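Welcome, and please load the model in your viewer with a cartoon view switched on. We will walk through it together, one selection at a time.

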Amino acid sequence: MIILKSEREIAIMREAGKIVALAIAEVTRAVRPGISTGELNALVENLMAKQKARPAFKGYHGYPASICTSINEEIVHGIPGLKVLKEGDIISIDIGAEINGYFADAAVTLAVGDIDPVSRRLLETTAQCLEAGIRQCTKDKRLSDISHAIQSVAESNGYSVVREYVGHGIGRAMHEDPQVPNFGKPGRGIKLSPGLVLAIEPMVNVGRFDTAVLDDNWTVVTKDGSRSAHFEHTVAITERGPEILTRC
Ligand code: MF3
Ligand code: CO
C-alpha cells in the first residue's frame, strides 16, 4: 500500500532529512586514512543524540549499529567496527534518522585519500545515477522512469546495477511501498503523485551485478569482488517537482 504524505508530514520528514544531511556532512569531513568505521559510527551516534533524533538503523531487524559502512567490494549493510580505512579505499556510508515517528535515509560513497581512476569514475557515475533518478521525480512521470534513468547512466558508463537491493517508499516506516528498482523499462508502474516520498538509492558495480552476503549475515558484497558505490537521497515529489529532503 502506497501512503501519500501531507505537507505537515513532509515538514517532519524535512527535519529528519536535515539531521541525516548533517550526519553525512560530518562523516564526509571525518573520512581519512587511519579512522575506523566504529569511530564514524560513534560520531553519528553523538550527533543524533545532540539533535534528539533516533538512529533509524539501530535494532532494525537486529542490525547492531547506527550506520552502515561498506568498503570497496562491499555494496551495502557493512557493519562498522574495528576496521581501519586506508589510502585508496572507497567507503559507502548509509545513515537513517527518525524524528517524531518519521524517517529519512541517505547514503554517499567517499574516497579515502587518493583513489584509482576507475574508482573515481565509479563514484562520479553513481552520483550521476542518483541525480538522473531524482530528475524523473515529477508528477507527469511513472515509477520506472526513475529506474530506467538510473540504469541508463550506469550501463552507458560500462558499470552494472545491483538487482537484489532496491530503493523504497519512506515515511512512518523506513521501508514502505513502492519498491524503487534501479533498472527497468521506462513508462511502467504507478504515476508519481505529489505527496509520494521515495528513498532512491542506486548501487553500482565496476564488474557484474551479482551479490552475496557475508557470514555476518548483513554485509552484501559483489560476487566477483569488484568495487561498488551507493548514493541515496530521500526525495519528496511535489507539485513543483522533486524536493530532496536529505540535502543540507
Ligand atoms: N538505507 C538502507 C536501506 O534502505 C538501510 C540500512 S538497513 C539496516 O536498506 F538494517 F542496516 F538498518
Ligand atoms: Co534506503
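In what order do the strands of the open five-strand sheet come? Keep in mind that this is a predicted model, then colour the strands and read across: the order is β8-β7-β9-β14-β15, and the pairing is antiparallel.

Next, select the two edges of this sheet. They are β8 and β15 (241–244), and each of them pairs on one side only. Now turn the view to look at how the strands cross: neighbours in this sheet are turned against each other by 30 degrees on average, with direction ignored.

Zoom in on β7 and on β9, which covers residues 197–200. Two bridges link this antiparallel pair. To find a bridge position, pick Gly-169: its partner in β9 is Leu-198. If you display hydrogen bonds here, look along the backbone, because strands of a sheet pair through backbone hydrogen bonds.

Our last stop is the largest pocket, so switch on a surface if you like. Its volume is about 430 Å³. Which residues should you show as sticks to mark its centre? Choose Tyr-60, His-77, His-168, His-175 and Glu-201, the closest to the centre among the 24 residues of the lining.

Two strands of the sheet turn up again here: β7 (167–169) and β8 (176–180) are the elements that give two or more residues to the lining. β8 gives the most, with three residues. Finally, colour the lining by residue class, and you will find 11 nonpolar, seven polar and six charged residues.

Key:
Residues are numbered from 1 along each chain as its sequence is written. Chains are lettered from A and ligands numbered from 1 in the order in which they are written. This is a predicted model: local features need pLDDT of at least 70, side-chain atom pairs count only at pLDDT 80 or more; totals for chains, interfaces and linings use all residues. Side-chain values use heavy atoms; hydrogens and water are left out. On a 1 Å grid over the protein atoms alone, a cavity is a set of points where a 1.4 Å probe fits but cannot get out, and a pocket is an open set with protein on both sides within 12 Å along at least five of seven lines; lining residues have an atom within 4 Å of a point. Grid points are joined across faces, edges and corners, and a volume is the space filled by probe spheres set on the points. Helices (H or I, at least four residues) and strands (E, at least two) are DSSP runs, numbered from the N terminus. Ala, Val, Leu, Ile, Met, Phe, Trp, Tyr, Cys and Pro count as nonpolar, Asp, Glu, Lys and Arg as charged, and the others, Gly among them, as polar. Two strands pair if DSSP finds at least two bridges between them. Axes are lines fitted to C-alpha atoms, for helices over the stretch in contact, and angles run from 0 to 180 degrees between N-to-C directions.
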